[in-house]
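The exercises below are to be worked with the sequence and the 3D structure at hand. Each task is followed by a solution in steps.

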Amino acid sequence: MAFRDIIGQDMAINILLRTIQRGRLPSSYLFIGESGIGKKFTAINLAKAVNCLNPPIPPLEKGGEGGFDQGRYGGMNEYSLFTDCCDECPSCKKINAGVHPDFLLISPEGGQIRIEEIRAVNDILSFKPFEGRNKVVIADEADTMNPFAANAFLKTLEEPPKDSLIILISSNPDRLPDTIRSRCSKVNFTPLSHEACRKVIKISSQKYSKKTSEVLSTLVRLSMGRPGLAIAGNLIEDRAWFIKLLKGMLNVEKDGWTSKEEMERWFDILLILFRDMAIIKITQDETNLINIDFKDYLNKLSSSIDLKVIIENYQKINILMRYFKFNLNRSLTWNYTASLLRKTMDVKYA
Ligand SMILES: [Zn+2]
């Protein structure tokens, strides 16, 4: 895969390509946007592009508005004009396989990026590139760095080694310290359109290739422009799991989440449920529902609740979710939410 294969992120990719072509690649990027929309995929392809041994060279555009002005590129070399990677040379293949000596991708383990991983980052950045032109480090879910890790990482960002590129990825950039955020060039990624989302799910996921178009449509709706979520997991099973726990919650059962990640995922689905319930109340137009295949369930569930209460609950849950970054106690969060929902939802419809 290469930049040319990325669907639905033209704006972000054009920003990156323009920066590369102007020879102004910053030492650190922060890729911002929701989960499952192509940030990591783009970051890996950027790592490939800045190290590719056989990059496709675009035809030269001369001067003009927005055009390529050769005169400004005194220091350019044979690679300066690349706009993509070849995806076939040894460098591209090694990065794809995660074995390139100048490339490192770190991600949280047990919900956190720890200082040990930042030390590995500093190790790789402290040497000259072994075989590539640039050393590239990607920190996925960078906002999960614990304070020690963030502190150590800040020092690296303050004095970036030559020929290095650091790409932080985050769907919750406000959870990153200001000191880190302010040192990175930001690139925003947006959720995909329905068509783009359908295309990505169809192309990327073997497991859905034999599904009916009805199932595919459900997945496109449930992913809400984030096809990566449909590819990595099973959104239809996730929803069944959500409803099982909702019933348990309304039936005064105890905390059903086994991790913080599960809890956050459950609340994401709860907000979608409120959204759909509000749409039923406001428009009665079922075609706008995310959970259109569950319209009967939603109709019953919302039958005894006023729109005002649905909106109030949505707002309260939204505020609660802002506190997730402070590691809320799961059991207390469960009980608080249960008491909130039990006042308004009838368990017999859940
Ligand atoms: Zn290549």
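**Exercise 1. The metal site**

Which geometry does the site of the zinc ion have, given the angles among its 4 donor atoms? Work it out on this predicted model.

Solution.
- Start with the ligands: SG atoms of Cys52, Cys86, Cys89 and Cys92 coordinate the zinc ion, at 2.3 to 2.4 Å.
- Next, take the angles among the 4 donor atoms, which run from 100 to 120°. Four donors count as tetrahedral if all angles lie between 85 and 135 degrees, and the site of the zinc ion is therefore tetrahedral.
- For reference, the ideal angle for four tetrahedral donors is 109.5 degrees.
- Then place the donor residues in the sequence, where their spacing reads C-x33-C-x2-C-x2-C.
- Finally, check the surroundings of two donors: Cys86 and Cys89 are both buried.

**Exercise 2. Strand S4 and its partners**

Determine how strand S4 is enclosed, and which strands pair with it.

Solution.
- Count the buried residues in S4, residues 164–170: 7 of the 7 are buried, so the strand is largely enclosed by the rest of the structure.
- Sort the side chains by direction. In a regular strand they alternate between the two faces of the sheet. Here Ser164, Ile166, Leu168 and Ser170 point one way, Leu165, Ile167 and Ile169 point the other way, and all are buried.
- Look for the partners. S1 (residues 28–32) pairs with S4 in the parallel sense over 5 bridges, and S3 (residues 135–139) also pairs with S4 in the parallel sense over 5 bridges.
- Fix the register. On the S1 side, Phe31 is opposite Ile169 and Ile32 is opposite Ser170; on the S3 side, Ala139 has Leu168 as its bridge partner.
- Trace the connection from S3 to S4: with helix H5 (residues 147–158), the two strands form a right-handed β-α-β unit.

**Exercise 3. Strand S1**

What covers the two faces of S1, buried or exposed side chains? Identify also the strand that pairs with S1 besides S4.

Solution.
- Ser28, Leu30 and Ile32 lie on one side of S1, Tyr29 and Phe31 on the other, and all of them are buried.
- With 5 of the 5 residues buried, S1 is largely enclosed by the rest of the structure.
- Strand S5 (residues 185–188) pairs with S1 in the parallel sense over 4 bridges. Ile32 has Asn188 as its bridge partner in S5, while in S4 it stands opposite Ser170.

**Exercise 4. Aromatic contacts**

How many aromatic pairs does a search of the whole structure find? Classify the pair of Phe294 and Tyr297, and describe what lies over the ring of Phe294.

Solution.
- The search of the whole structure finds 10 aromatic pairs.
- For Phe294 and Tyr297, the ring centres are 6.0 Å apart and the planes are at 70°, so the pair is edge-to-face. The cut-off used is planes over 60 degrees apart.
- Compare the exposure of the two partners: Phe294, at 27% relative accessibility, is partly exposed, whereas Tyr297, at 17%, is buried.
- Add the charge: the charged end of Arg239 sits over the ring of Phe294, 3.7 Å from the ring centre.
- Elsewhere, Phe242, Trp257, Trp266, Phe267, Phe324 and Trp334 are linked into a cluster by ring pairs.

**Exercise 5. Positive phi in loops**

Where do Glu141 and Val252 lie, and what are their phi values?

Solution.
- As a background, most residues other than glycine have a negative phi.
- Glu141 lies in the loop between S3 and H5. Its phi is near 45°, a positive value in a residue other than glycine.
- Val252 lies in the loop between H10 and helix H11 (260–283). Its phi is near 60°, again positive in a residue other than glycine.
- Assign the exposure: Glu141 is partly exposed at 40% relative accessibility, and Val252 is exposed at 60%.

**Exercise 6. The whole chain**

Summarise the chain by its elements, extent and burial.

Solution.
- The chain contains 14 helices and 5 strands.
- Along the principal axes, its C-alpha atoms fill a box of roughly 70 × 45 × 35 Å.
- Of the 350 residues in the chain, 45% are buried.

Technical notes:
Residues are numbered from 1 along each chain as its sequence is written. This is a predicted model: local features need pLDDT of at least 70, side-chain atom pairs count only at pLDDT 80 or more; totals for chains, interfaces and linings use all residues. Side-chain values use heavy atoms; hydrogens and water are left out. Buried means under 20% relative accessible area, exposed over 50%, partly exposed in between (1.4 Å probe, protein chains only). Two strands pair if DSSP finds at least two bridges between them. A crossover is right-handed if, with the strands pointing away from the viewer, the path from the first strand over the helix to the second runs clockwise. Donors are N, O and S atoms within 2.8 Å of the metal (3.2 Å for Na, K and Ca); water is not among the atoms, so sites may look incomplete. Four donors count as tetrahedral if all angles lie between 85 and 135 degrees; four count as square planar and six as octahedral if opposite donors are over 155 degrees apart and all others between 65 and 115; anything else is irregular. Rings of Phe, Tyr and Trp (its six-membered ring) pair if their centres lie within 6.5 Å; planes under 30 degrees apart count as stacked, over 60 as edge-to-face and the rest as tilted. A charge sits over a ring if NZ of Lys or CZ of Arg is within 6 Å of the ring centre and within 35 degrees of the ring normal.
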